[in-house]
Amino acid sequence: MKVENLVRENVKKMKAYSSARDEFQQQAAVYLDANENPNDDGLNRYPDPYQKVLKEKISEIKGIAAANILLGNGSDEVLDLIFRMFCEPKEDNIIIVPPTYGMYKVLAAVNNVAVKEVFLKDDFSLDVEGINQVVDEKTKLIFICSPNNPTGNLMRRKSIAELLKYLNCVVVIDEAYIDFCEEKSWTAQLDEFPNLIVCQTLSKAWGLAGIRLGMCFASTYIIEVLNKIKPPYNVNQLTQSTALEVLGNIKKYEEELTGILKEKQALKEALEKFSFVKKVYASDANFWLVKVTDADNLYQYLVEKGVVVRNRTKEYGCENCLRITVGTSLQNGRLIEVLKYF
Ligand SMILES: *Cc1c(COP(=O)(O)O)cnc(C)c1O
């Protein structure tokens with residue numbers, strides 16, 4: 001398969017904006033090229049449009065060459081760029097596999113791209129046959145979230161590999177929760193599949209939802225095109241420096257991760273003791289999908305007690321389900337205490 005054939009014609013033809021920082025990349029004594037305020041306050045200069053230093057750090061941690069990395073203002077921006085690279089508005093379509101992350105559908109709507117839904121099976125696994133049945137020559141992207149939000153499960157490697165191998169479209173694997181499980185990232189397969197895009201984020205395990213840093217891993221060809229269409233300074237200086245600092249402290253990250261995973265088990269055991277809890281679904285992420293007798297009622301009760309969880313009862317296959325993020329020992333304890341009086 002040739003990924004080039006899936007890219008929009010206008011995108012293939014266009015030239016990127018050439019910023020001051022593109023045209024002069026060496027070090028200079030005096031910068032009078034970007035109409036910045038010359039007084040140094042640490043932030044008066046435009047940031048590096050390609051985040052070279054930060055990418056080197058990510059490259060080192062993930063074992064992926066910087067040329068295979070694109071960074072964005074959260075995964076939201078990365079996903080939007082992927083739509084704009086491949087999907088012709090009003091012509092092309094994408095496939096999503098509900099229940100899944102809500103942003104894929106929203107971004108499709110914004111970009112005026114049709115959505116085909118192939119629901120997950122009862123065990124929340126991929127319906128590969130169903131996907132094969134709806135895919136057509138205008139299908140450009142398939143979004144697979146693994147571990148999946150809101151169900152928490154990983155999708156089988158064999159199923160995803162079949163999609164990558166046999167379909168003539170790009171498979172986007174959203175690994176926002178990959179840090180919480182033992183499974184190895186699909187980034188190891190980038191050389192094997194030219195139509196593979198993997199998205200990760202610093203918003204979950206890395207504890208940096210506030211700085212907005214999304215990561216995209218793909219072939220150098222895909223990364224080059226995404227670089228061409230992205231806003232030049234899409235990752236601001238404060239985000240780049242904070243990310244670099246936090247990524248430099250792997251020990252803290254690992255300690256917090258261990259803590260969250262320990263609390264995750266304790267939370268499950270505590271939840272299962274309540275008679276109104278019907279099922280706690282298996283989870284490879286930092287949350288539990290919990291089936292209860294009356295989700296709306298329980299959700300409302302918790303809100304009144306000052307504890308907010310996510311009510312997913314309206315999602316396909318998630319009737320009477322709440323999605324509960326694993327908090328600190330204290331936060332989880334508060335939830336359990338409140339649940340005792342429901
Ligand atoms: C939380 C989450 C993200 C992260 O999005 P950011 O924009 O990077 O904060 C991405 N995908 C899924 C499925 C998520 O649940």
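Here are some short exercises with worked solutions on this structure, which is a predicted model.

**Exercise 1. Work out the strand order and the edge strands of the seven-stranded open sheet.**

Step 1: Let's start with the order. The seven strands line up as E1-E7-E6-E5-E4-E2-E3, and their pairing is mixed.

Step 2: Now look at the ends of that list. Strand E1 (69-72) and strand E3 (114-117) are the edges; each has a single partner strand, so one side of each has no neighbour in the sheet.

Step 3: Add the twist. From one strand to the next, it averages 25 degrees.

**Exercise 2. Describe how strand E2 is joined to E3, and find the partner of Ile 95.**

Step 1: Strand E2 covers residues 93-96, and four bridges tie it to E3. These two strands run parallel.

Step 2: Pick out Ile 95. Its bridge partner in E3 is Lys 116.

Step 3: See what packs on this part of the sheet. Helix H5 (residues 103-110) touches E2, E3, E4 and E5, and its direction makes about 170 degrees with that of E2.

**Exercise 3. Find the strands that helix H4 lies across, then link H4 to the ligand.**

Step 1: Trace H4 over the sheet. The helix lies across E1, E2, strand E4 (139-145), strand E5 (170-174), strand E6 (196-201) and strand E7 (214-217).

Step 2: Check the angle. H4 runs at about 160 degrees to E6.

Step 3: Turn to the ligand. Helix H4 (residues 74-86) gives the largest share of the shell around the ligand, namely three residues.

**Exercise 4. Build up a picture of the ligand's surroundings.**

Step 1: Who's there? There are 13 residues around the ligand, and the ones that come nearest are Tyr 177, Thr 201, Ser 203, Lys 204 and Arg 212.

Step 2: Sort the shell by class. You get four nonpolar, five polar and four charged residues.

Step 3: Go through some polar contacts, using a cut-off of 3.5 Å between N or O atoms. An N or O atom in the side chain of Asp 174 is 2.7 Å from a nitrogen atom of the ligand. The side chain of Thr 201 has an N or O atom 2.7 Å from an oxygen atom of the ligand. With Asp 76 it's the backbone that takes part: one of its N or O atoms lies 3.3 Å from a ligand oxygen atom.

Step 4: Ask how much of the ligand is covered. On its own the ligand exposes 390 Å², and the protein buries 93% of that.

**Exercise 5. Sketch the four-stranded open sheet and the helix that lies across part of it.**

Step 1: Write down the order, E8-E9-E11-E10, with antiparallel pairing.

Step 2: Mark the edges. Strand E8 (277-280) and strand E10 (310-311) each have a single partner strand, so one side of each is left without a neighbour in the sheet.

Step 3: Zoom in on E8 and E9. They form a hairpin with six residues between them. Three bridges join E8 to strand E9 (residues 287-292), and Val 280 has Val 290 as its bridge partner in E9.

Step 4: Put the helix on. Helix H11 (residues 295-304) lies across E9, E10 and strand E11 (321-325), at about 35 degrees to E11.

**Exercise 6. Locate some backbone oddities in the loops.**

Step 1: Pro 98 and Pro 99 are joined by a cis peptide bond, with omega about 0 degrees. Pro 99 sits in the loop between E2 and H5.

Step 2: From Ser 146 to Pro 147 the peptide bond is cis, with omega near -5 degrees. You'll find Pro 147 in the loop between E4 and helix H7 (157-166).

Step 3: Gln 51 isn't a glycine, yet its phi is positive, about 45 degrees. Look for Gln 51 in the loop between helix H2 (20-23) and helix H3 (52-62).

How values were computed:
Residues are numbered from 1 along each chain as its sequence is written. This is a predicted model: local features need pLDDT of at least 70, side-chain atom pairs count only at pLDDT 80 or more; totals for chains, interfaces and linings use all residues. Side-chain values use heavy atoms; hydrogens and water are left out. A residue is near a molecule or strand if one of its heavy atoms lies within 4 Å of it. A polar contact is a pair of N or O atoms within 3.5 Å; within protein, one must be able to donate a hydrogen and the other to accept it, and residues adjacent in sequence count only if both atoms are side-chain atoms. Accessible areas come from the Shrake-Rupley method with a 1.4 Å probe; for residues, only the protein chains shown count as cover. Ala, Val, Leu, Ile, Met, Phe, Trp, Tyr, Cys and Pro count as nonpolar, Asp, Glu, Lys and Arg as charged, and the others, Gly among them, as polar. Two strands pair if DSSP finds at least two bridges between them. Contact means heavy atoms within 4.5 Å. Axes are lines fitted to C-alpha atoms, for helices over the stretch in contact, and angles run from 0 to 180 degrees between N-to-C directions.
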